[in-house]
Amino acid sequence: MPSRLRHARTSSRASAPTSPRRVLVTGGASGLGLALVRALVARGDDVLATDVHVDRPDVLPEAAAYLPLDVRSDDAWAAALAHVRETWDGLDLLVNNAGVAAGGRIDVATLDEWRWIIDINLLGVVRGCRTFTPLLKEQRSGHIVNTASLAGLVHAPGMAAYNTVKAGVVALSETLSHELAPHHIDVSVVCPSFFRTNLGASFQGADTEMEAAGKKMVSDSKRSAEEVAAVVVRGIDARRELILTDRDGHLAWRAKRFARPVYTAAMRRAARRAAQTPLSSP
């Protein structure tokens, strides 16, 4: 990956963020999205949480506003833009966080599974960026934060669809970090490794063995969504282009970049374990 997208590097326009910022968070009613909504509200920001629920979820902090938004719907995105223009007359921070989980070996996962996760995890982010970039260009300011995953940087076997869409989010974010810089718009991508969340509940697909392994890694993690969110908010405030949230992520990313044989050996060991797992019955 080009040197521009590095954890340590921050934007030349980085400065102490003003507060309150006007913030929209997708997938804000559960998991990392909810933890981010709570952290941003606690920080003093004006937050619009969005999710697929028609009615406002009770888990949201009282200070957060709510708007239903299915990231697969162009009409829903248009409504969100209209709401932001009418309510705030602008936006400082767009957090494209909504996502689902899927795992499966290439000869087991179905094309319907691929279409499902692409539409939400990749095209959902694309729609958010496309919808709000014209407004941010008008302002000549703003910050887009896209939630990817360590799977977007480090590609373990048995997760082809998930790895692919998250790598796409990383690529989109790096592209836009260059493309939008002349308009004074910053772009960050968040790449956490496994942490405890309800993301495992969204797993669906034919490869039940890989699904079970993925759910176990999520449930067994020692990191909470709140801990990850705190790191993400600090990265947003610093306008880091790549936000790695934990030691595991730093080690894996550095191993891939600077010790590629070690990384490749670890991936091949994982692949051998996956190869020994029986395929699901059709």
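**Exercise 1. Backbone angles in two loops**

Task: Find which loop holds R140, and state what is unusual about the phi of this residue.

Solution. Step 1: R140 sits in the loop that runs between α3 (111-139) and β5 (143-147). The structure here is a predicted model.
Step 2: Most residues other than glycine have a negative phi. The phi of R140, in contrast, is positive, near 60 degrees.
Step 3: R140 has a relative accessible area of 43%, so R140 is partly exposed.
Step 4: D89 also has a positive phi near 60 degrees and is not a glycine. D89 belongs to the loop between α2 (74-88) and β4 (93-96). With a relative accessible area of 63%, D89 is exposed.

**Exercise 2. An aromatic pair**

Task: State how many aromatic pairs are counted, and describe how the rings of W77 and F132 are arranged.

Solution. Step 1: The count is 1 aromatic pair.
Step 2: W77 and F132 form an aromatic pair with 6.3 Å from centre to centre and 75 degrees between the planes. Planes over 60 degrees apart count as edge-to-face, and the pair of W77 and F132 is therefore edge-to-face.
Step 3: W77 is part of helix α2 and F132 of helix α3, so the pair ties together parts that are 55 residues apart in sequence.
Step 4: W77 and F132 are both buried.

**Exercise 3. Salt bridges**

Task: Give the number of salt bridges, then work out where the partners D112 and R115 lie and where D246 and R223 lie.

Solution. Step 1: There are 13 salt bridges. Side chains of opposite charge can pair when their charged atoms come close.
Step 2: D112 and R115 form one of these salt bridges, at 3.0 Å from N to O. The two are 3 residues apart in helix α3, so about one helical turn separates D112 from R115. D112 is exposed at 55% relative accessible area, and R115 is exposed at 52%.
Step 3: D246 and R223 also form a salt bridge, and their closest N and O atoms are 3.8 Å apart. D246 lies in the loop between β7 (242-244) and α7 (247-258), and R223 in the loop between α5 (208-220) and α6 (225-237), so this pair ties together parts 23 residues apart in sequence. D246 is buried, with a relative accessible area of 6%.
Step 4: R21, R43, D45 and D237 are joined into one network by salt bridges that share partners. Within it, D45 and R43 meet at 2.7 Å, N to O. D45 is buried at 5% relative accessibility, whereas R43 is partly exposed at 23%.

Methods. Residues numbered from 1 in each chain as written. Predicted model: local features only at pLDDT ≥ 70, side-chain atom pairs only at ≥ 80, totals over all residues. Heavy atoms only, no water. Helix = DSSP H or I, 4+ residues; strand = E, 2+ residues; numbered from the N terminus. Buried < 20%, exposed > 50% of the residue type's maximum accessible area, 1.4 Å probe, protein only. Phe/Tyr/Trp six-rings, centres within 6.5 Å; stacked < 30°, edge-to-face > 60°. Salt bridge = Lys/Arg side-chain N within 4 Å of Asp/Glu carboxyl O.
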